[in-house]
Amino acid sequence: MTLATPLDAPTRWASRFAALGPAFGTALPPTPLPAPYWVGRNPALAQGLGLNPDWMDSDEALSVFTGNHVPDGARPMASVYSGHQFGVWAGQLGDGRALLLGEWDTPLGPQEVQLKGAGRTPYSRMGDGRAVLRSSIREFLCSEAMHALGVPTTRALCVTGSDAPVRRETMETAAVVTRVAPSFIRFGHFEHFSHHDQHAELRRLADFVIEHFYPECAQAQGNPYAALLQAVSERTAVLLSHWQAVGFCHGVMNTDNMSILGLTIDYGPFQFLDAYVPGHICNHSDSSGRYAYSRQPNIAYWNLFCLGQALLPLMDEQQQALDALESYKAVYPEQLFARLGAKLGLAEVTPGDRELCENLLRLLAQDKVDHTHFWRRLSHAVARGDFEPVRDLFLDRPALDTWLAGYRERIGGQSAEPTGTRMLQTNPKFVLRNHLGELAIRAAQAKDFSAVSTLFTLISQPFDEHPGHEEQAGFPPDWASQIEISCSS
Ligand code: AMP
Ligand code: MG
């Protein structure tokens, strides 16, 4: 059964966040774009949300998701937040180009719907309020790639484009991504009200988040806001364990890009690792490597510390915040090794397995082994009992052989076939490598959207074989390492 379109049921747009009041943002309509066209759509998500497929095909939907038509009952708004960018207090930021269109009751629960790239807002500062086609396609594809890999993330319903020019380093064209999440509240929202000593608003925001997303904190022993900080620390630890295990670099882990729900949010210069290089920096603007792959877990903790600082006015003593943050340090490694153990096909992960994992990561780094190929080949090797394709990936074969001997002994008691099959459902064949996104973007810039759609299919079912698409599962070409992705989007 499909539900009525949102347009048939205007009250479905009312947003609980918008009802918090004018201190939290500014109501304003999106700025229309000329002659929009579809760039990509996510039928599975549309269906999951209960959207009528006929409506998703309509000009009205195209118009709504470009920001050219505000549906009855919707009251779009831009929210205000602040944050630390690259380790420095950046002051007031806010939705400079995103608009919360409203909220839907869906079979997936209440979901906020945002248009990113919908025009200037009071928080645009020097920006034009637009998003370019290139970065919109990257966000669309990556949020669904992450979702399919089981990583908590905001979702993307569609991308529309327009030939309206947008100036970045060169002239590009505009696009709008419609993204969907239970909430887009960031650490920076809390920092904003705390910094301005708006303690009533700070409390209202924290109570809102507890009521709707962390109800167990209301009942927790002690201070509920300390309980919230602990719960967010735990979710963030889970998120980071996913990122590190799938080889995802976010690229701009500023506190305004950290979701209070522990979701991956604000896809910018992200990258999935090709070679396993722990120090890899995916953001061309990050000259000091603050957000390098291996530093992400520590940066998340630093960001949680900022959140803790922001919540202090709601606590009785500083120690409550410090104690709450401690949970990150316990949960992150536990979750990381659980995920690495699953990638290794271990039915159960024991403390002794940490050494096995750490030794492996050291070998992968030493030989700069391709991350995705290693795990996929290891999965096939376990299933078939032939480890030569894994050995082919390494230079230091004696060191690998020593590790493999220990690994095979460790999984020796497990039956090979189901273990291999499980590993093939854990270690993807397809990830959104930079060069794949780049090829799809180049075609889309020439108005051929078929590569976006093909890639979308592959990364939406990343564990399937997809015969005929070996090229997209291959090693990156030489030019992949020359791709420079910066904050400019
Ligand atoms: P980001 O680095 O994308 O997380 O953006 C940081 C801040 O800059 C946020 O407040 C964004 O809304 C804002 N911003 C980024 N790009 C633009 C743009 N083109 N126009 C207006 N605001 C922008
Ligand atoms: Mg951002």
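## Ligand 1 and its shell

Ligand 1 is surrounded by 17 residues, and the closest are Gly94, Gly96, Arg125, Gly129 and Asn257. The model is predicted. By class, the shell is made up of eight charged, seven polar and two nonpolar residues.

Several polar atoms of the protein lie by the ligand. A backbone N or O atom of glycine 94 is 2.6 Å from an oxygen atom of ligand 1. Aspartate 128 places a polar side-chain atom 3.0 Å from a nitrogen atom of the ligand. For arginine 168, a polar side-chain atom lies 3.3 Å from a nitrogen atom of ligand 1. On its own, ligand 1 has 480 Å² of accessible area, and the protein covers 82% of that.

## The largest pocket

Which space does ligand 1 take? Ligand 1 takes the space of the largest pocket. The volume of this pocket is about 810 Å³.

Its lining counts 32 residues. Nearest the centre of the pocket lie Gln85, Arg97, Arg125, Cys487 and Ser489. Arg125 is also listed among the closest residues to ligand 1. By class, the lining holds 11 charged, 11 polar and 10 nonpolar residues.

## The second largest pocket

The second largest pocket has a volume of about 340 Å³. Its lining consists of 20 residues. Gln271, His280, Ala480, Ser481 and Ile483 are the ones nearest its centre.

How does this lining divide by class? It has 11 nonpolar residues, six polar ones and three charged ones.

## Cavities

How many cavities of 30 Å³ or more does the structure hold? There are three.

The largest cavity encloses about 60 Å³ of space. Its lining includes the phenylalanines Phe17 and Phe184, together with Leu100 and Ile185. Asp95 and Glu112 line it too, as do Ser79, Gln114, Ser183 and His189. By class, that makes four nonpolar, four polar and two charged residues.

The second largest cavity holds about 50 Å³ of space. It is lined by Ala245, Val246, Lys343, His371, Thr372, Trp375, Pro428 and Val431.

## Domains

The protein chain is divided into two parts: domain 1 spans 13–181 and domain 2 spans 346–424. How far apart do the C-alpha centres of these domains lie? The separation is 41 Å.

The domain bounds can be set beside the residues named above. Glycine 94, which has a backbone atom 2.6 Å from a ligand oxygen, falls within the 13–181 range of domain 1. Aspartate 128 and arginine 168, each with a polar side-chain atom by a ligand nitrogen, fall within that range as well. In the lining of the second largest cavity, His371, Thr372 and Trp375 fall within the 346–424 range of domain 2.

Terms used
Residues numbered from 1 in each chain as written. Chains lettered and ligands numbered in written order. Predicted model: local features only at pLDDT ≥ 70, side-chain atom pairs only at ≥ 80, totals over all residues. Heavy atoms only, no water. Near = heavy atom within 4 Å. Polar contact = N/O pair within 3.5 Å; in protein donor to acceptor, adjacent residues only side chain to side chain. Areas by Shrake-Rupley, 256 points an atom, 1.4 Å probe, with all protein chains shown as cover. 1 Å grid on protein atoms, 1.4 Å probe; cavity = no way out; pocket = protein on both sides within 12 Å on 5 of 7 lines; lining within 4 Å. Sits in = over half its atoms within 2 Å of the grid points. Nonpolar A, V, L, I, M, F, W, Y, C, P; charged D, E, K, R; others polar. Points joined across faces, edges and corners; volume = space filled by probe spheres on them. Domains from an automatic or database assignment.
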